[in-house]
Amino acid sequence: METLKETELRRSLRVLIADDRLLVRKGMQMFLSERPWIDMVCEVASVRDIQDVMRATQVDVILLDYELSTRQGESIDVLCSQIPVIVLSVPGRLGAIESVLAKGASGFLLGKATSEDLEDAMMLAVSGGTFLCPSIFRSILADGWAEAAIPEHVTFGCDDLATDDHDSEKLLSEGKSLKHVAKLLDVLLGDAETAIERLARLYGRNCREALQDAVSHGILSPGSSRTTHHRRERLGKDEQE
Amino acid sequence: MINLLLAEDHLLVRAALAHLINSFQGIHVVAEGAYGHEILDAARIHPVDVALIDAALLPVQDWDLIHQLKTMRPGINILVTSSYRSDRYVERLMEAGACGFVHKNAAVNELETAIHHAAAHRRVLYPGIDISGLAATEQAPSPVPALTRRQQEILKLIVDGCRSRTIAEQLDLSVKTVEAHRREIMRRVGKQNSAGLVKEAIRLGLVPFPT
C-alpha cells in the first residue's frame, strides 16, 4: 500500500510564497526550487497580491508568513477557504496558534520547524489534511505551558510551593483549587485559566479530556514532570468544583 | 572568499537566507546558529569575517552578543538584519559595535553589496536610515527606561495597534494582566496615554518601527 507521501510525490506542487521580506522570499524561492517535487514557485509581498496570482495561474498551496497577515491586518479567512494555506514562523504561543487554525489554515510551522516539516505540511495540506507542527506539543504543552499560563516565568512546580512551606501534592490531593494554589503562589488566576481554556479549545475538548488525551499519547508525561502532574490533577479538581 | 556566520532563530528562514547568500560571488556561509551560545561557539570554531545577525536575537538594550563576538573575534564585522527599522535602534546597534544594518526587504544585490562592504570594514546602512543623531547621542545619551521581556512584547503589540484583548489573546494572558503591564509600561516611559506611549517608544527605539 502506498503511503500518502509516495502518492503525492508523484505530482509536482505549485507553490506560492507570501512574505513581505524580499530577501526571505527570494531565498525561500531558491530553496524550494531545488526540490524535484516542486514544479513552480512564485512569490508575492502581500495578501492582496495572492488573489491576483491565483487568478492568473494555478496554485496548489500557499506558504504564508505569520507576520504578514497580522502586520497588514488583512484577513486570510476567505483565502483559507479557497486553497490550502500553511502559515510559517508562527510564534510558539497558544493564542497565536489558535488564531491561525481558527482562520482555516491547513497547517502551521513554528520557528523551529525544519525543511522536512515543511515538506510534510505541504503534502498533508494538498491532500486535505491539517498539519500541526510537531514541536508545539513538546515545547508548548509540556515545557512552555507554565510560561504561557503564568507571566514572569513563575512556575507551578513543587519547588515554588516548598518556598512557602506548602506541599503542592498534598494541597492538590486535598482538593485545593487552582484558585487556592494560585493565591499561595501570588500568581494571577486569570492567566492560568486563560491558558487552560485555550489549551482545551485547541484540542476541541474540555480541559480534563484534553489533558488525559495528551497524557495517553505521551505528549505530557505525569511521571516525568511533577509540574505536569500537578496541572493535570489541578484541572480535574477545578472541573469538579 | 568571505566567511559568513548566519544567526537566525527561524530555521526555515535561515535555510532560505543561507541558500541565497551561498549563491553570491565570493561569499560562503561557514556557520549558522539560532541562539547566543550557538552563535558564539560557531564564531570560536570558524574563521568568520562577517556575522549576519537577525535583530530578534538582539533584544533592545541587550548587546551582550555583539560585545562577546567582538571580544572573541576583534576583526569580525557584524551586520544586523530585521523586518523592522528604527533610526534610533540602528544608532544603538552602531554604538554597540555593529558595522551596519540591512532591512530584510532590501534587494538581493543590496545584501550582497552590504556583506562585501562589511568584510572591508566599511559602514553599511540600509537606504533611508538616518543616524545623524549618533554623535549627539554619544555626548548626551537619553535615558532609556528598562522594560522586561514581557513588557517589550506587549509594547510591540501596542505599537502595532493591538487592543488589550487582542494582546491578551496573542500572548495567552488575561486582559487584566495586559492592562496592568500597559499601565506599568506607561509609568516607566512617562506617558499618560497610548498615543504618547507609541510616539515615545518609537523615538527611544524601544520598539522597531514597521515600514
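In this predicted model, a convenient place to enter chain B is the pair formed by α9(B) and helix α10 (residues 194-204), whose axes come within 10 Å of each other and cross at roughly 60°. Because of that angle, α9(B) is classed as oblique to α10(B), and the crossing in which α9(B) passes α10(B) is left-handed. On the α9(B) side the contact is made by I185(B), M186(B) and V189(B), and on the α10(B) side by L197(B), E200(B) and A201(B). Sorted by class, the residues of this contact comprise five nonpolar and one charged, with no polar residue. An α-helix has 3.6 residues a turn, so residues three or four places apart point the same way, and the numbering of the contact residues can be read with that in mind: I185(B) and V189(B) both belong to the α9(B) side, while L197(B), E200(B) and A201(B) belong to the α10(B) side.

From this helix pair one can turn to the sheet of chain B, an open sheet of six strands in the order β2-β1-β3-β4-β6-β7, with parallel pairing. The edges are taken by β2 (27-33) and β7 (124-125) of chain B, each of which has a single partner strand, so one side of each is left without a neighbour in the sheet. For β7(B), the pairing with strand β6 (residues 100-103) of chain B runs in the parallel sense over two bridges, and within this pairing F101(B) stands opposite L125(B) of β7(B).

The loop between α5 and β7 of chain B holds H121(B), a residue other than glycine whose phi is nevertheless positive, near 60°. Most residues other than glycine have a negative phi, which is the background against which such a value is worth inspecting in the model. Is H121(B) buried or exposed? Because H121(B) has 10 C-beta neighbours inside 10 Å, H121(B) counts as exposed.

Helix α4 (residues 87-96) of chain B gives another picture, as this helix is mostly covered, with eight of its ten residues buried. The buried residues of α4(B) are D87(B), R88(B), Y89(B), V90(B), E91(B), R92(B), L93(B) and M94(B). After α4(B) comes G97(B), where phi is again positive, near 125°.

The two chains also meet, and the contact between them involves 28 residues of chain B and 36 residues of chain A. On the chain B side, the elements that give two or more residues are α1 (11-22), α5 (108-119), α8 (164-171) and α9 (175-189), so that α9(B), already described through its contact with α10(B), appears here as well, by the rule that each listed element gives at least two residues. The largest share of this side, eight residues, comes from α1(B). By class, the residues with which chain B touches chain A divide into 14 nonpolar, eight polar and six charged.

One part of the meeting of the chains can be followed helix by helix, since helix α6 (residues 94-102) of chain A and α8(B) pack at an angle of about 100°, with their axes 4 Å apart. That angle is why α6(A) is described as roughly perpendicular to α8(B). The residues in contact are G95(A), A96(A) and S99(A) from α6(A), together with E169(B), Q170(B) and L171(B) from α8(B), and by class this contact has two nonpolar, three polar and one charged residues.

Chain A itself has 14 helices and six strands, and of its 241 residues 42% count as buried. Among the contacts in chain A with a separation of 6 or more, 57% are between residues 24 or more positions apart. An example of two residues separated along the sequence is given by M123(A) and V61(A), which are 62 residues apart in sequence and 9.3 Å apart in space, C-alpha to C-alpha. M123(A) lies in helix α7 (residues 115-126) of chain A, and because M123(A) has 21 C-beta neighbours inside 10 Å, M123(A) counts as buried.

Finally, strand β4 (residues 85-90) of chain A contains S89(A), a residue other than glycine with a positive phi, near 55°. S89(A) counts as buried because 21 C-beta neighbours lie inside 10 Å, whereas H121(B), with its positive phi near 60°, counts as exposed.

Terms used:
Residues numbered from 1 in each chain as written. Chains lettered and ligands numbered in written order. Predicted model: local features only at pLDDT ≥ 70, side-chain atom pairs only at ≥ 80, totals over all residues. Contact = placed C-beta atoms within 7 Å. Nonpolar A, V, L, I, M, F, W, Y, C, P; charged D, E, K, R; others polar. Buried ≥ 20, exposed ≤ 12 C-beta atoms within 10 Å, placed from the backbone. Axes fitted to C-alpha atoms, helices over the stretch in contact; angles between N-to-C directions. Parallel < 35°, antiparallel > 145°, perpendicular 65-115°, else oblique. Left-handed = near helix turned anticlockwise from the far one by under 90°. Pairing = 2+ DSSP bridges.
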